Amino acid sequence: MLLRHSLSRSPTPSSWLSRISPASTMPLRAKVTNPAFTATSKMSTASSDSLPGDEPDDVLFNSLYGVRLVELNRPKKLNSMNGSMARKILPRLQEYEKSQLANIIMLAGAGEKAFCAGGDVAALALQNETGPDGQQTSADFFRYEYKLDHLIATYSKPIISVMDGITMGGGVGLSVHAPFRIATERTVFAMPETTIGFFPDVGGSFFLPRLDGELGTYLALTSERLHGVQALYAGIATHYFDSSVLGNLTARLSELVFRDDAAFDSRLAIVNRTMAEFSTGLPAEGIKLAGSRRAAIDRCFGHDTVEEILKALENETVEKAWAQKTIETITARSPTSLRVTLRQLRLGKKWDIRETFQRESEVAAQFMRHPDFVEGVKARLMSKPPRQANWQPATLAEVTDKQVDKFFTLPKGEERMTLVNDRNFEESPSVKYALPSEKEIKKYVDESKPTKNNVYNHFVEKWEHKEGVKEKVAEVLARQTEKDDKGVLRWKTE
């Protein structure tokens, strides 16, 4: 059963939920800075998992009818994730999962600059410098964070992550595993870990290799940023909305009532159709990682060693200027991070979501004991102005296979991390809500021998006229297919 009310779709951000009746709300205990969450009904108390010294209001929990709103509330630090926040969010999500009153979970960040700019790595780096105990404490933070990310990935109720603003590192872990991820005109997505002597964690081993072609490898090794609608085209986001509609979207979602016996997929489908009501068009900028640039990414980043990738970039003739800039970018990164990251991505293609987080917790623990993490954080984030880091080892040639193997070997006497549930999958159930993948388009072309219009019609109808589908399909067809004299498409062969 669905409850419907007519809502305007063009409010200013400061009045996102102004149409909600004041009688349905109660005063908040602390100021909520994200306008989408300003007309909510209940405020949280500290989690039972909180520790002395945890910030009291770094996460705000609110209720709006059937929606439970989780707001990261450290806007001055771009809502960077710390242990205090993770210890509050995880048990609260478990509580919501059991509640018959909680239908939908929404995650967002305070302010207009960031959803979550990543983990509070400066605090971790300083902690690591205290010695083995500090390094272990940092490793424990990552373990807890990954448990939270796994819970989001396997959650039994619809979750919507609002990637409004900077969404990097830890913020990606809180968003990319949710079935619904909203990008806005302010979204800035990146996995910048190799810049600071780390690796693209928070499930990067799972979602990056499953992006089209070698796009995930490119994003991981270069820390390239995706702005706004580009996150939708890349498969990171599932929806794109202007930030001005988020408040009315939240209000509309709060009206949804599911049948008690409604299956999870049915609930997701209802949420997806409801979100489609707020589509207002996509920016006219088109797909930026397209055409010859995208072909060059697949051509250069499909190799299994960093040296081969660099060599391919050196030999690139079509996108020569881009290739030279990319070489400069990669060679400034931590050599250890580059080697570990490429190994991670190749192995991660075969990891299920459960193994992903278990293995990543082991890799993260190794990095907490490695000098590059502290050096990278200090050089790139703490030094004013930022400086080039002094990596150890300093070159790719000095990073041996044995050293890389250590990151993927569980130390003797240690056991794999225990997750909060036993749920698992090899392909994310949320893939159906993103734009069609290149793999899906190829399968249809190979099996159906269609014309271009056949392909357009098939995917537009299957995706229920979702915005961006036709643009994505057109880009893939232009780059990857050729047609015979009858207009029948076939996939190009190398």
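In this predicted model, Tyr-65 is partly exposed, with a relative accessibility of 46%. The residue sits in the loop between strand 1 (59-64) and strand 2 (67-72). Its backbone stands out. Tyr-65 has a positive phi of about 55 degrees, although it is not a glycine. Most residues other than glycine have a negative phi. Lys-449 also has a positive phi, near 50 degrees, and is likewise a residue other than glycine. Lys-449 is placed in the loop between helix 17 (438-448) and helix 18 (452-462). With a relative accessible area of 51%, Lys-449 counts as exposed, because the cut-off for that class is over 50%.

Two peptide bonds also call for comment. Most peptide bonds are trans. A cis bond, however, joins Lys-384 and Pro-385, with omega about 0 degrees. Another cis bond joins Gln-392 and Pro-393, and there too omega is about 0 degrees. Pro-385 is found in the loop between helix 15 and helix 16 (401-407). Pro-393 is found in the loop between helix 15 and helix 16 as well.

Helix 15 itself spans residues 371-382 and contains Leu-381. Leu-381 is partly exposed, at 42% relative accessible area. This leucine contributes to a nonpolar patch on the surface, formed by Leu-126, Leu-381 and Met-382. Together the three residues have about 250 Å² of accessible area.

Attention turns next to helix packing. Helix 10 (residues 291-301) packs against helix 19 (residues 469-480) at an angle of about 70 degrees. The two axes are 10 Å apart. The angle makes helix 10 roughly perpendicular to helix 19, because values from 65 to 115 degrees fall in that class. The crossing of helix 10 past helix 19 is right-handed.

Salt bridges were then examined. A search of the whole structure finds 29 of them. One of these pairs Arg-294 with Glu-438, and their closest N and O atoms are 3.4 Å apart. The pair links distant parts of the chain. Arg-294 belongs to helix 10 and Glu-438 to helix 17, and their positions lie 144 residues apart in the count along the chain. Both Arg-294 and Glu-438 are buried.

A second bridge joins Glu-307 to Arg-339, with the closest N and O atoms 2.2 Å apart. Glu-307 lies in helix 11 (residues 306-314), whereas Arg-339 lies in helix 13 (residues 335-348), so this pair ties together parts that are 32 residues apart in sequence. The two partners differ in burial. Glu-307 is partly exposed, at 35% relative accessibility. Arg-339, at 16%, counts as buried, because the cut-off for burial is under 20%.

A further bridge stays within one helix. The side chains of Asp-446 and Lys-442 meet at 2.6 Å, N to O. Asp-446 and Lys-442 are four residues apart in helix 17, so about one helical turn separates them. Asp-446 is partly exposed, with a relative accessibility of 32%. Lys-442 is also partly exposed, at 33%. Elsewhere, salt bridges that share partners join several residues into one network. Its members are Arg-294, Asp-298, Glu-438, Glu-475 and Arg-479. Arg-294 and Glu-438, the buried pair described above, thus appear again in this network.

A last contact concerns two arginines. Arg-359 is located in helix 14 (residues 353-368). Arg-359 is buried, with a relative accessible area of 13%. Along the chain, Arg-359 and Arg-416 are 57 residues apart. Their C-alpha atoms are nevertheless separated by 7.8 Å.

Key: Residues are numbered from 1 along each chain as its sequence is written. This is a predicted model: local features need pLDDT of at least 70, side-chain atom pairs count only at pLDDT 80 or more; totals for chains, interfaces and linings use all residues. Side-chain values use heavy atoms; hydrogens and water are left out. Patches are made of residues with over 30% relative accessible area and no salt bridge: like charges are joined within 9 Å, nonpolar side chains (Val, Leu, Ile, Met, Phe, Trp, Tyr) within 5 Å. Accessible areas come from the Shrake-Rupley method with a 1.4 Å probe; for residues, only the protein chains shown count as cover. A salt bridge is a side-chain nitrogen of Lys or Arg within 4 Å of a carboxyl oxygen of Asp or Glu. Helices (H or I, at least four residues) and strands (E, at least two) are DSSP runs, numbered from the N terminus. Buried means under 20% relative accessible area, exposed over 50%, partly exposed in between (1.4 Å probe, protein chains only). Axes are lines fitted to C-alpha atoms, for helices over the stretch in contact, and angles run from 0 to 180 degrees between N-to-C directions. Angles under 35 degrees count as roughly parallel, over 145 as roughly antiparallel, 65 to 115 as roughly perpendicular and the rest as oblique. A crossing is left-handed if the near helix is turned anticlockwise from the far one by less than a right angle, and right-handed if clockwise.
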